[in-house]
Every structure is written in C-alpha cells, then in structure tokens.
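Reader: I am in my first year and still learning to read protein models. Could you take one part of this one and go through it with me slowly, and then show me how it connects to the rest?

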Amino acid sequence: MGLLSKLTGAVTPQKKATDDVLLLHTMMLMCGADGGFDDSEVETLEAYFATLPEFEGKDFGEVLGQAKKMVSKYPSLTESVKALADLSSPNLKKKAYVVAADIAMSSGDVDESEDKMLDAMQRVMNIDDATATKVLEVLGMKYAR
C-alpha cells in the first residue's frame, strides 16, 4: 500500500467528466439507444461535434475516447444516463436535451428505445415538461414531411 492510499484511506476521488465529454456522451446515448451504432451514427456525432461551440478546438477522437472511458464505468448505457446530471449548468442540460431530441427525430422515425432514452434524459437533467414539449414541437416542425 502506497503513501497516498494510506493517507486517503485507499479511496481516490473520481475525476468528474468535463462538459464536452458529457455532451458527446449525450449524443452517443441517443445514437445508440436502439442497441446499434453504425458508421452513419458516427458521422452524425462528428457533424454535431464540428458545429457546437463546446467542441471548438478539440479533437473528436480524443473526446470520443474520454466519453467511451466514462461509459465503461457504468454497467449499461441506460445506467450511464445518470452521468448527465453532472453537466455544469441548466442551460447546458437544455442544450444536451435539444441535441439528443434532434438526433432522435433526424432519422424520421423515433422508436420506443429512443423515446425511453429521451424520457430518462429529461428526468436526469431536470428538464421541465413545458420545455421538453416546446423542444419536441419545434423539432417536429423541423422534420415534418
């Protein structure tokens, strides 16, 4: 047992994930909600990564690696939704919700697993029903055919 372990009682505090990692994790959760993760979904992640200011000047592969590492700390993807509570501000939580909903609706067909994932995200990130409804109404207009 090393000196650090002796002084800390063998408990080393876990480093919290940064907002950029958590935002990418949000997008990964929605892309993988149906149990699969194909090349087109990676392309979707990269497209959002290239446009959102939280990722400016950052390397996609590096942030993706950190997000995957964070996910591995949880027994399942569904459990890893809990990490989204660590996003640093209510506005960033709203942005994460909007991006997740946008990803879900962009495929043209929101399936049950995506719907459940979005509900779980809403609860964990404390997005009120009025805000969630407004987001979904606007995105519904965006993707109406």
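**A close look at the ring pairs**

Author: By the rule that ring centres must lie within 6.5 Å, the count in this predicted model comes to two aromatic pairs. One of them joins phenylalanine 49 and phenylalanine 55, whose rings are stacked, with 4.4 Å from centre to centre and 20° between the planes. Both partners are buried, phenylalanine 49 as well as phenylalanine 55. The rings of phenylalanine 49 and phenylalanine 60 also pair, but here the centres are 5.2 Å apart and the planes stand at 80°, so this pair is edge-to-face. Because phenylalanine 49 belongs to helix 3 (residues 39–51) and phenylalanine 60 to helix 4 (residues 60–71), the edge-to-face pair ties together parts that are 11 residues apart in sequence.

If you follow the ring pairs from one residue to the next, you find Phe49, Phe55 and Phe60 linked into a cluster. How buried or exposed are phenylalanine 49 and phenylalanine 60? Phenylalanine 49 has 8% relative accessibility and therefore counts as buried, and phenylalanine 60, at 14%, counts as buried too, since the cut-off for that word is under 20%.

From the rings we can turn to the charged side chains, where a search of the whole structure finds five salt bridges. One of them is formed by the side chains of glutamate 54 and lysine 95, with 2.8 Å from N to O. Glutamate 54 sits in the loop between helix 3 and helix 4, while lysine 95 is part of helix 6 (residues 90–106), so this salt bridge ties together parts that are 41 residues apart in sequence. Glutamate 54, at 21% relative accessibility, counts as partly exposed, and lysine 95 also counts as partly exposed, at 26%.

Helix 6 takes part in another salt bridge, in which the side chains of aspartate 102 and lysine 142 meet at 3.2 Å, N to O. With aspartate 102 in helix 6 and lysine 142 in helix 8 (residues 129–142), this pair links distant parts of the chain, 40 residues apart. Its two ends differ in their surroundings, because aspartate 102 counts as buried at 9% relative accessibility, whereas lysine 142 is exposed, with a relative accessible area of 51%.

A further salt bridge brings together the side chains of lysine 116 and glutamate 112, again with 3.2 Å from N to O. These two residues are four residues apart in helix 7, so about one helical turn separates them. Lysine 116 is exposed, with a relative accessible area of 53%, and glutamate 112 is exposed as well, with 57%.

Helix 7 also leads us to a pair of helices, for the axes of helix 2 (residues 19–31) and helix 7 (residues 112–124) come within 9 Å and cross at roughly 150°. That angle makes helix 2 roughly antiparallel to helix 7, because angles over 145 degrees count in this way. Where the two helices touch, Thr26, Leu29 and Met30 of helix 2 meet Glu114, Met117, Leu118 and Met121 of helix 7. Sorted by class, the residues in this contact are five nonpolar, one polar and one charged.

Notes: Residues numbered from 1 in each chain as written. Predicted model: local features only at pLDDT ≥ 70, side-chain atom pairs only at ≥ 80, totals over all residues. Heavy atoms only, no water. Axes fitted to C-alpha atoms, helices over the stretch in contact; angles between N-to-C directions. Parallel < 35°, antiparallel > 145°, perpendicular 65-115°, else oblique. Contact = heavy atoms within 4.5 Å. Nonpolar A, V, L, I, M, F, W, Y, C, P; charged D, E, K, R; others polar. Phe/Tyr/Trp six-rings, centres within 6.5 Å; stacked < 30°, edge-to-face > 60°. Buried < 20%, exposed > 50% of the residue type's maximum accessible area, 1.4 Å probe, protein only. Salt bridge = Lys/Arg side-chain N within 4 Å of Asp/Glu carboxyl O.
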